[in-house]
Amino acid sequence: MTVGELGEFGVVSRIAGRLSHSASVLLGPGDDAAVLAAPDRRVVVTTDLLLEGRHFRRDWSSGYEIGRKAAAQNLSDIMAMGATPTGLFVGLGMPADTTVEWLDALSDGFRDECALVGAGVAGGDIAKSDTIVLGVTALGDLGGIAPVTRSGASPGDQVAVAGRLGHAAAGLALLSAGAVSDAFAELLLAHRRPEPPYEQGPRAAALRATAMVDVSDGLVQDLGHVAAASGVAVILDPGGFPVSAPLADAARQVGADPLDWILTGGDDHALAAAFPPEVRLPPPWRVVGAVAAGHGVQVKGRAEAPGGWDHFRG
(Lines give C-alpha, C1' and ligand atoms only; values in the text may rest on other atoms or scores of the structure.)
Protein backbone atom coordinates (compact mmCIF):
# COMPACT_ATOMS: atom_id res chain seq x y z
CA MET A 1 0.00 0.00 0.00
CA THR A 2 1.13 3.56 -0.70
CA VAL A 3 0.47 6.77 1.21
CA GLY A 4 -1.59 7.93 -1.77
CA GLU A 5 -3.93 4.99 -1.31
CA LEU A 6 -4.04 5.53 2.44
CA GLY A 7 -4.94 9.23 2.13
CA GLU A 8 -3.92 12.26 4.19
CA PHE A 9 -5.88 11.52 7.34
CA GLY A 10 -5.01 7.85 7.18
CA VAL A 11 -1.34 8.80 7.01
CA VAL A 12 -1.66 11.14 10.00
CA SER A 13 -3.47 8.50 12.02
CA ARG A 14 -0.92 5.86 11.12
CA ILE A 15 2.05 8.04 12.12
CA ALA A 16 0.42 9.10 15.39
CA GLY A 17 -0.33 5.49 16.24
CA ARG A 18 3.35 4.55 16.11
CA LEU A 19 4.69 7.40 18.23
CA SER A 20 5.18 7.75 21.96
CA HIS A 21 5.12 10.95 23.98
CA SER A 22 7.05 12.35 26.89
CA ALA A 23 5.55 13.66 30.10
CA SER A 24 6.21 17.17 28.80
CA VAL A 25 3.54 16.75 26.11
CA LEU A 26 0.25 17.79 27.68
CA LEU A 27 -1.67 17.69 24.40
CA GLY A 28 -0.24 15.85 21.42
CA PRO A 29 -1.28 15.19 17.80
CA GLY A 30 -4.94 15.53 16.88
CA ASP A 31 -5.72 19.18 17.62
CA ASP A 32 -4.89 22.47 15.91
CA ALA A 33 -1.73 22.75 18.01
CA ALA A 34 0.11 20.85 20.68
CA VAL A 35 0.58 21.92 24.29
CA LEU A 36 3.87 21.24 26.08
CA ALA A 37 4.87 21.95 29.65
CA ALA A 38 7.60 24.57 30.13
CA PRO A 39 8.69 24.28 33.78
CA ASP A 40 11.63 26.64 33.28
CA ARG A 41 9.38 29.29 31.64
CA ARG A 42 12.00 29.49 28.86
CA VAL A 43 11.94 27.28 25.78
CA VAL A 44 14.98 26.26 23.76
CA VAL A 45 14.09 25.88 20.06
CA THR A 46 15.99 24.58 17.06
CA THR A 47 14.99 23.56 13.55
CA ASP A 48 16.54 21.67 10.66
CA LEU A 49 15.61 20.91 7.07
CA LEU A 50 16.53 17.59 5.42
CA LEU A 51 16.17 17.14 1.67
CA GLU A 52 16.31 13.88 -0.23
CA GLY A 53 19.40 13.81 -2.43
CA ARG A 54 21.09 16.48 -0.33
CA HIS A 55 21.05 15.15 3.22
CA PHE A 56 20.14 11.52 2.59
CA ARG A 57 19.51 9.02 -0.17
CA ARG A 58 16.88 6.31 0.08
CA ASP A 59 19.12 3.87 -1.78
CA TRP A 60 21.77 4.37 0.92
CA SER A 61 19.62 4.66 4.04
CA SER A 62 16.43 3.00 5.21
CA GLY A 63 13.39 4.93 6.36
CA TYR A 64 14.21 3.91 9.92
CA GLU A 65 17.76 5.26 9.65
CA ILE A 66 16.54 8.52 8.11
CA GLY A 67 14.07 8.98 10.96
CA ARG A 68 16.73 8.40 13.58
CA LYS A 69 19.18 10.74 11.84
CA ALA A 70 16.61 13.52 11.47
CA ALA A 71 15.68 13.29 15.14
CA ALA A 72 19.29 12.99 16.31
CA GLN A 73 20.59 16.14 14.67
CA ASN A 74 17.86 18.23 16.28
CA LEU A 75 18.04 16.61 19.70
CA SER A 76 21.81 17.16 19.68
CA ASP A 77 21.32 20.89 19.10
CA ILE A 78 19.10 21.09 22.18
CA MET A 79 21.65 19.21 24.29
CA ALA A 80 24.43 21.50 23.01
CA MET A 81 22.70 24.35 24.85
CA GLY A 82 22.80 22.35 28.09
CA ALA A 83 19.05 21.74 27.86
CA THR A 84 16.85 18.65 27.94
CA PRO A 85 14.63 17.90 24.89
CA THR A 86 10.90 17.91 25.51
CA GLY A 87 9.34 17.40 22.09
CA LEU A 88 9.80 17.32 18.32
CA PHE A 89 7.56 18.61 15.53
CA VAL A 90 7.94 17.10 12.09
CA GLY A 91 6.91 18.53 8.73
CA LEU A 92 6.94 15.75 6.12
CA GLY A 93 6.62 16.07 2.35
CA MET A 94 6.58 12.87 0.26
CA PRO A 95 5.46 11.48 -3.10
CA ALA A 96 2.10 9.73 -3.24
CA ASP A 97 3.79 6.47 -4.23
CA THR A 98 5.79 6.32 -0.99
CA THR A 99 5.07 2.96 0.59
CA VAL A 100 3.33 2.70 3.93
CA GLU A 101 6.12 0.33 4.99
CA TRP A 102 8.69 3.11 4.47
CA LEU A 103 6.51 5.59 6.37
CA ASP A 104 6.18 3.17 9.28
CA ALA A 105 9.95 2.72 9.40
CA LEU A 106 10.50 6.49 9.38
CA SER A 107 8.03 6.94 12.25
CA ASP A 108 9.68 4.17 14.23
CA GLY A 109 13.07 5.81 13.72
CA PHE A 110 11.82 9.09 15.18
CA ARG A 111 10.18 7.24 18.07
CA ASP A 112 13.26 5.20 18.99
CA GLU A 113 15.73 8.11 18.77
CA CYS A 114 13.49 10.35 20.89
CA ALA A 115 13.18 7.56 23.46
CA LEU A 116 16.92 7.82 24.14
CA VAL A 117 16.40 11.24 25.72
CA GLY A 118 12.86 10.87 27.04
CA ALA A 119 11.27 13.05 24.36
CA GLY A 120 8.68 12.37 21.67
CA VAL A 121 7.08 13.71 18.51
CA ALA A 122 4.30 16.04 19.63
CA GLY A 123 2.91 17.04 16.23
CA GLY A 124 3.65 18.15 12.70
CA ASP A 125 2.23 18.35 9.20
CA ILE A 126 2.30 16.39 5.95
CA ALA A 127 2.09 17.34 2.28
CA LYS A 128 2.58 15.75 -1.12
CA SER A 129 5.93 16.57 -2.76
CA ASP A 130 8.10 15.25 -5.56
CA THR A 131 10.81 14.06 -3.15
CA ILE A 132 11.09 13.38 0.57
CA VAL A 133 11.38 16.62 2.57
CA LEU A 134 11.69 16.70 6.36
CA GLY A 135 11.42 19.85 8.45
CA VAL A 136 12.08 19.11 12.12
CA THR A 137 11.72 21.47 15.06
CA ALA A 138 12.85 20.47 18.55
CA LEU A 139 12.00 22.09 21.88
CA GLY A 140 13.92 21.85 25.14
CA ASP A 141 13.89 22.93 28.77
CA LEU A 142 16.86 24.45 30.61
CA GLY A 143 15.83 23.28 34.06
CA GLY A 144 16.75 26.57 35.72
CA ILE A 145 20.31 26.87 34.37
CA ALA A 146 21.76 29.44 31.99
CA PRO A 147 22.06 28.26 28.37
CA VAL A 148 25.55 27.38 27.20
CA THR A 149 26.02 29.54 24.12
CA ARG A 150 28.83 29.96 21.60
CA SER A 151 29.89 33.33 22.96
CA GLY A 152 31.40 32.65 26.39
CA ALA A 153 34.87 31.24 25.61
CA SER A 154 37.88 33.14 27.00
CA PRO A 155 41.64 32.95 26.38
CA GLY A 156 43.11 30.23 28.56
CA ASP A 157 40.07 27.95 28.34
CA GLN A 158 40.65 24.38 27.29
CA VAL A 159 38.79 23.03 24.24
CA ALA A 160 37.43 19.50 24.42
CA VAL A 161 35.20 17.19 22.43
CA ALA A 162 32.86 14.35 23.34
CA GLY A 163 31.66 11.82 20.78
CA ARG A 164 33.19 10.44 17.63
CA LEU A 165 34.54 12.58 14.80
CA GLY A 166 35.15 11.68 11.17
CA HIS A 167 33.20 8.43 11.14
CA ALA A 168 30.14 9.77 9.31
CA ALA A 169 32.34 11.58 6.78
CA ALA A 170 34.25 8.37 6.16
CA GLY A 171 30.99 6.49 5.68
CA LEU A 172 29.82 9.05 3.15
CA ALA A 173 33.13 8.81 1.27
CA LEU A 174 32.86 5.02 1.17
CA LEU A 175 29.28 5.12 -0.09
CA SER A 176 30.20 7.69 -2.74
CA ALA A 177 33.08 5.48 -3.89
CA GLY A 178 30.92 2.35 -3.93
CA ALA A 179 33.22 0.79 -1.32
CA VAL A 180 30.44 -0.90 0.64
CA SER A 181 31.57 -3.97 2.57
CA ASP A 182 31.17 -5.55 6.00
CA ALA A 183 34.70 -4.41 6.83
CA PHE A 184 33.41 -0.82 6.97
CA ALA A 185 30.04 -1.53 8.58
CA GLU A 186 30.76 0.73 11.57
CA LEU A 187 31.58 3.74 9.39
CA LEU A 188 28.67 3.18 7.00
CA LEU A 189 26.26 3.02 9.92
CA ALA A 190 27.79 6.19 11.38
CA HIS A 191 26.77 8.08 8.23
CA ARG A 192 23.29 6.58 8.18
CA ARG A 193 22.56 6.92 11.88
CA PRO A 194 24.63 9.22 14.12
CA GLU A 195 25.06 8.56 17.83
CA PRO A 196 25.36 11.96 19.54
CA PRO A 197 26.66 11.93 23.12
CA TYR A 198 23.37 13.37 24.33
CA GLU A 199 23.97 13.22 28.07
CA GLN A 200 27.23 15.15 27.72
CA GLY A 201 25.45 18.42 26.88
CA PRO A 202 23.84 18.91 30.30
CA ARG A 203 26.94 17.34 31.87
CA ALA A 204 29.16 19.96 30.22
CA ALA A 205 26.90 22.68 31.57
CA ALA A 206 27.34 21.21 35.06
CA LEU A 207 31.12 21.23 34.50
CA ARG A 208 30.90 25.00 33.84
CA ALA A 209 31.40 24.91 30.08
CA THR A 210 31.86 28.47 28.86
CA ALA A 211 30.80 27.76 25.28
CA MET A 212 29.51 24.72 23.40
CA VAL A 213 28.47 23.70 19.90
CA ASP A 214 27.03 20.67 18.15
CA VAL A 215 29.49 19.56 15.46
CA SER A 216 27.17 19.36 12.48
CA ASP A 217 29.22 21.00 9.70
CA GLY A 218 32.76 20.05 10.73
CA LEU A 219 34.81 20.65 13.87
CA VAL A 220 36.91 23.48 12.43
CA GLN A 221 33.92 25.27 10.94
CA ASP A 222 31.72 24.91 14.01
CA LEU A 223 34.50 25.98 16.38
CA GLY A 224 34.92 28.91 14.02
CA HIS A 225 31.43 30.00 15.08
CA VAL A 226 32.53 29.79 18.70
CA ALA A 227 35.68 31.81 17.95
CA ALA A 228 33.69 34.48 16.12
CA ALA A 229 30.94 34.72 18.75
CA SER A 230 33.45 34.81 21.62
CA GLY A 231 35.97 37.12 19.92
CA VAL A 232 38.83 34.65 20.43
CA ALA A 233 41.04 32.18 18.57
CA VAL A 234 40.84 28.41 18.90
CA ILE A 235 44.09 26.47 18.56
CA LEU A 236 43.67 22.74 17.84
CA ASP A 237 46.35 20.12 18.44
CA PRO A 238 46.24 17.27 15.87
CA GLY A 239 47.75 15.03 18.56
CA GLY A 240 44.42 15.18 20.36
CA PHE A 241 42.69 13.27 17.58
CA PRO A 242 43.65 9.58 17.55
CA VAL A 243 42.89 7.88 14.25
CA SER A 244 41.03 4.61 14.77
CA ALA A 245 41.89 1.55 12.72
CA PRO A 246 38.58 1.67 10.77
CA LEU A 247 39.21 5.32 9.83
CA ALA A 248 42.76 4.56 8.73
CA ASP A 249 41.61 1.58 6.65
CA ALA A 250 38.84 3.60 5.00
CA ALA A 251 41.24 6.45 4.19
CA ARG A 252 43.57 4.03 2.43
CA GLN A 253 40.60 2.57 0.55
CA VAL A 254 39.53 5.90 -0.96
CA GLY A 255 42.86 7.77 -0.91
CA ALA A 256 41.96 10.31 1.77
CA ASP A 257 43.56 11.82 4.87
CA PRO A 258 41.63 10.60 7.93
CA LEU A 259 42.51 13.78 9.83
CA ASP A 260 40.60 15.77 7.20
CA TRP A 261 37.50 13.72 7.98
CA ILE A 262 38.00 14.34 11.71
CA LEU A 263 38.44 18.09 11.27
CA THR A 264 35.81 18.72 8.59
CA GLY A 265 33.22 15.92 8.87
CA GLY A 266 30.17 16.95 10.85
CA ASP A 267 27.37 14.40 10.69
CA ASP A 268 28.60 12.48 13.75
CA HIS A 269 27.08 15.28 15.87
CA ALA A 270 29.80 15.25 18.49
CA LEU A 271 29.89 18.07 21.02
CA ALA A 272 32.75 20.58 21.26
CA ALA A 273 33.05 22.87 24.23
CA ALA A 274 35.35 25.29 26.04
CA PHE A 275 35.96 24.86 29.77
CA PRO A 276 37.87 26.87 32.37
CA PRO A 277 41.47 25.63 32.57
CA GLU A 278 41.12 24.33 36.13
CA VAL A 279 38.23 21.96 35.30
CA ARG A 280 39.29 18.30 35.25
CA LEU A 281 37.27 16.75 32.49
CA PRO A 282 35.98 13.20 32.91
CA PRO A 283 35.70 10.74 30.00
CA PRO A 284 34.45 10.79 27.33
CA TRP A 285 35.56 14.43 27.14
CA ARG A 286 39.06 14.76 25.72
CA VAL A 287 41.09 17.94 25.41
CA VAL A 288 41.98 18.79 21.80
CA GLY A 289 43.14 22.40 22.05
CA ALA A 290 42.90 25.73 23.77
CA VAL A 291 41.38 29.18 23.47
CA ALA A 292 43.77 32.07 22.86
CA ALA A 293 43.65 35.76 22.03
CA GLY A 294 43.05 36.40 18.35
CA HIS A 295 40.49 35.16 15.89
CA GLY A 296 39.57 32.10 13.85
CA VAL A 297 40.62 28.48 14.17
CA GLN A 298 44.18 27.26 13.75
CA VAL A 299 45.43 23.68 13.54
CA LYS A 300 49.00 23.24 14.74
CA GLY A 301 51.27 22.16 11.93
CA ARG A 302 48.93 23.36 9.20
CA ALA A 303 49.39 26.68 7.47
CA GLU A 304 45.67 26.99 6.86
CA ALA A 305 42.83 25.35 8.75
CA PRO A 306 40.52 23.21 6.60
CA GLY A 307 36.94 24.29 6.19
CA GLY A 308 33.67 22.41 6.64
CA TRP A 309 30.29 22.06 5.03
CA ASP A 310 28.61 25.14 3.55
CA HIS A 311 25.15 24.59 2.05
CA PHE A 312 25.80 26.98 -0.85
CA ARG A 313 29.51 26.46 -1.40
CA GLY A 314 29.67 22.73 -0.62
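Biologist: Under 20% relative accessible area is buried, over 50% is exposed, and anything in between is partly exposed (1.4 Å probe, protein chains only). Where does R208 fall, buried, exposed or partly exposed?

Modeller: R208 counts as partly exposed, because its relative accessibility is 45%. Keep in mind that this is a predicted model, where local features need pLDDT of at least 70, side-chain atom pairs count only at pLDDT 80 or more, and totals for chains, interfaces and linings use all residues. Residues are numbered from 1 along each chain as its sequence is written, and side-chain values use heavy atoms, without hydrogens or water.

Biologist: Fine. Where is R208 found?

Modeller: R208 is in the loop between helix 7 and strand 8, which covers 211-215. Helices (H or I, at least four residues) and strands (E, at least two) are DSSP runs numbered from the N terminus.

Biologist: And what is phi for R208?

Modeller: Phi is about 70° for R208, a positive value although R208 is not a glycine.

Biologist: Which other residue, not a glycine, has a positive phi, near 55°?

Modeller: That one is H269, with phi near 55°. H269 lies in the loop between helix 10 (258-264) and strand 10.

Biologist: Is H269 buried or exposed?

Modeller: Buried, because the relative accessible area of H269 is 2%. R208, by contrast, is partly exposed at 45%.

Biologist: Back to helix 7. What about Q200, buried or exposed?

Modeller: Q200 counts as buried because its relative accessibility is 2%. Q200 belongs to helix 7, which spans residues 200-206.

Biologist: What does Q200 touch, leaving out residues up to four places away in sequence?

Modeller: A162, L271, P284 and W285. Touching is contact, that is, heavy atoms within 4.5 Å.

Biologist: P284 caught my eye. Is the peptide bond from P283 to P284 cis or trans?

Modeller: The bond from P283 to P284 is cis, and its omega is near 10°. P284 has its place in the loop between strand 10 (270-275) and strand 11 (286-292). P284 is also one of the residues that Q200 touches.

Biologist: Strand 10 keeps turning up. In what order do the strands of the six-stranded sheet run?

Modeller: The order is 8-10-7-11-9-12, in an open sheet with mixed pairing. Its edges are strand 8 and strand 12 (296-299), each of which pairs on one side only. Two strands pair if DSSP finds at least two bridges between them.

Biologist: How many bridges join strand 8 to strand 10?

Modeller: Five, and the two strands run antiparallel. As one position in that pairing, M212 has A273 in strand 10 as its bridge partner.

Biologist: Changing topic, which strand does strand 3 pair with over eight bridges?

Modeller: Strand 3 (residues 44-51) pairs with strand 6 (residues 133-141) in the antiparallel sense. Within strand 6, the residue opposite T47 is T137.

Biologist: And how many bridges join strand 4 to strand 6?

Modeller: Nine, with strand 4 covering residues 84-94 and the two running antiparallel. There, G91 stands opposite G135 of strand 6.

Biologist: So strand 6 pairs with strand 3 and with strand 4. Anything general on side chains in strands?

Modeller: In a regular strand, side chains alternate between the two faces of the sheet.
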